[in-house]
Amino acid sequence: MELRFSPLFSGSSGNALYVGCDDAQILVDAGMSGTRVCTELARVGIDPRCLDAILVTHEHADHIKGIGILSRKYDLPVFATEGTWQAMYNKIGPIADKNRILFEPEQDFFIGSIDVTPFSTPHDAAQSVGYTFELDGSKLAVATDLGCVRDGWLNHVLGSDAVLLESNYDPDMLKAGPYPYELKKRIMSRHGHLSNDDAGAVAVELVRSGTRQIILGHLSKENNFPELAMRSCELTLQMAGIVPHEDVQLYIARRDGTTGMFSISAQMV
């Protein structure tokens, strides 16, 4: 079976990712309205009524805005850590008890044939996680909202065939931009977000571990732009002797709509 995925939204104003295969349909986060999430799912041929679960990374508004309405409308289980549930419970409205699913970071579970492993991430949230998804030898990782590069989360992501990787801000744009000083400190902190420079360094390690698709995501609208994030990553890869778009395919996840459907399989080399 192929492991398919589609970034539906990726940015500071909202995030959602579809992951699926023949017997599992998963939504990771729903940081836009339920209507907008359903519209983008339809663009890639997914009926929200066929979803099996919503997985939550953390409780910030750009990741949970549409979770409550989607769960109630389509009777969807919502998976999150205990800390995330406590932090988001009053923000998303009532969820049926049977649809409130808790898990522990680092402990895997299955949705259909997909082996899901949540891993702890350094972010200013209650108990945030990223995810890896494995199917028949194929592996996808979701690594966004990361304050710094740490062996803990990086070890989970290394060896993935494809990675949605945060490239949130350009340091010079952030420093010169209009954000208040405290917000700038938060973004650049070890519990904030990854810069373009950080993303490039991680991309080098990923390619060396076998990754062949990297989708740069969660770009800041105010402190980054797609061409800059792409060029920064390309230059870092080239300095490491890696040929972008030959040794690894690079993409930018769109902020305001689907980036398209991607797929990986055990036969991918």
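This is a dialogue on how to read several features of a predicted protein model.

Student: Where should a reading of the overall fold begin, and how many helices and strands does the protein have?

Tutor: A count of the secondary structure is a convenient start. In this predicted model, the protein has nine helices and 14 strands.

Student: What radius of gyration does the protein have, and what would a compact globule have?

Tutor: The general idea is to set the value against what the chain length leads one to expect. A compact globule of 269 residues would have a radius of gyration near 18 Å, and the protein has 17 Å, so the two agree. The C-alpha trace spans about 50 × 50 × 35 Å along its principal axes.

Student: What percentage of the residues count as buried, and what is the accessible surface?

Tutor: Here one reads burial by residue and surface by area. Of the 269 residues, 58% count as buried. The accessible surface comes to about 10,900 Å², and carbon and sulfur atoms contribute 50% of that surface.

Student: What share of the contacts joins residues 24 or more positions apart?

Tutor: For this feature, contacts are sorted by separation along the sequence. Among contacts with a separation of 6 or more, residues 24 or more positions apart account for 64%.

Student: How many positive and negative side chains does the protein have, and how far apart do the centres of the two sets lie?

Tutor: Charge is read both as a count and as a placement. The protein has 23 positive and 35 negative side chains. The centres of these two sets lie 7 Å apart.

Student: How many aromatic pairs does a search of the whole structure find?

Tutor: The search finds six aromatic pairs. One of them joins F103 and F109, with 5.5 Å from centre to centre and 35 degrees between the planes, a tilted arrangement. Both F103 and F109 are buried. Another pair, Y251 and F262, is edge-to-face, at 4.9 Å centre to centre and 75 degrees between the planes. Y251 lies in strand β13 (residues 249-252) and F262 in strand β14 (residues 262-264), so this pair ties together parts that are 11 residues apart in sequence.

Student: Are Y251 and F262 buried or exposed?

Tutor: Each ring's residue should be classed separately, with under 20% relative accessible area as the limit for burial. Y251 is partly exposed, at a relative accessible area of 29%, whereas F262 counts as buried at 8%.

Student: Which residues form one aromatic cluster?

Tutor: A cluster is named by its members. F79, F103, F109, Y131 and F133 form one such cluster, and the tilted pair of F103 and F109 belongs to it.

Student: Where does a positive phi occur in a residue other than glycine?

Tutor: Backbone angles are best read together with their location. D136 has a phi near 50 degrees and lies in the loop between β9 (129-135) and β10 (138-143). H218 has a positive phi of about 55 degrees and is found in the loop between β12 (213-217) and α9 (226-239). H218 counts as buried, at 1% relative accessibility.

Student: Which residues does N223 touch, and which are in contact with N99?

Tutor: Residues up to four places away in sequence are set aside in both cases. N223 lies in the loop between β12 and α9 and counts as buried at 1% relative accessibility. Its contacts are Y169, D170, M173, L174 and Y179. N99 lies in the loop between α4 (82-92) and β6 (100-102) and is buried, with a relative accessible area of 4%. N99 is in contact with S71, D75, L76, P77, V78 and W85.

Student: Where does M230 lie, and what does M230 touch?

Tutor: M230 lies in helix α9 and is buried, with a relative accessible area of 15%. Beyond neighbours up to four places away in sequence, M230 touches L216, H245, L250, Y251 and I252. Y251 is thus named twice in this dialogue, as a contact of M230 and as a partner of F262.

Student: Is G45 buried or exposed, and how far is G45 from K184 in space?

Tutor: Accessibility and distance are again two separate readings. G45 is found in the loop between α1 (34-43) and β4 (53-55) and counts as exposed, at 62% relative accessibility. G45 and K184 are 139 residues apart in sequence, and their C-alpha atoms are 39 Å apart in space.

Definitions and conventions. Residues are numbered from 1 along each chain as its sequence is written. This is a predicted model: local features need pLDDT of at least 70, side-chain atom pairs count only at pLDDT 80 or more; totals for chains, interfaces and linings use all residues. Side-chain values use heavy atoms; hydrogens and water are left out. Helices (H or I, at least four residues) and strands (E, at least two) are DSSP runs, numbered from the N terminus. The radius of gyration is taken over C-alpha atoms; the globule rule is 2.2 Å times the number of residues to the power 0.38. Buried means under 20% relative accessible area, exposed over 50%, partly exposed in between (1.4 Å probe, protein chains only). Contact means heavy atoms within 4.5 Å. Accessible areas come from the Shrake-Rupley method with a 1.4 Å probe; for residues, only the protein chains shown count as cover. Lys and Arg count as positive and Asp and Glu as negative; His and the chain ends are not counted. The place of a charge is taken as NZ of Lys, CZ of Arg, CG of Asp or CD of Glu. Rings of Phe, Tyr and Trp (its six-membered ring) pair if their centres lie within 6.5 Å; planes under 30 degrees apart count as stacked, over 60 as edge-to-face and the rest as tilted.
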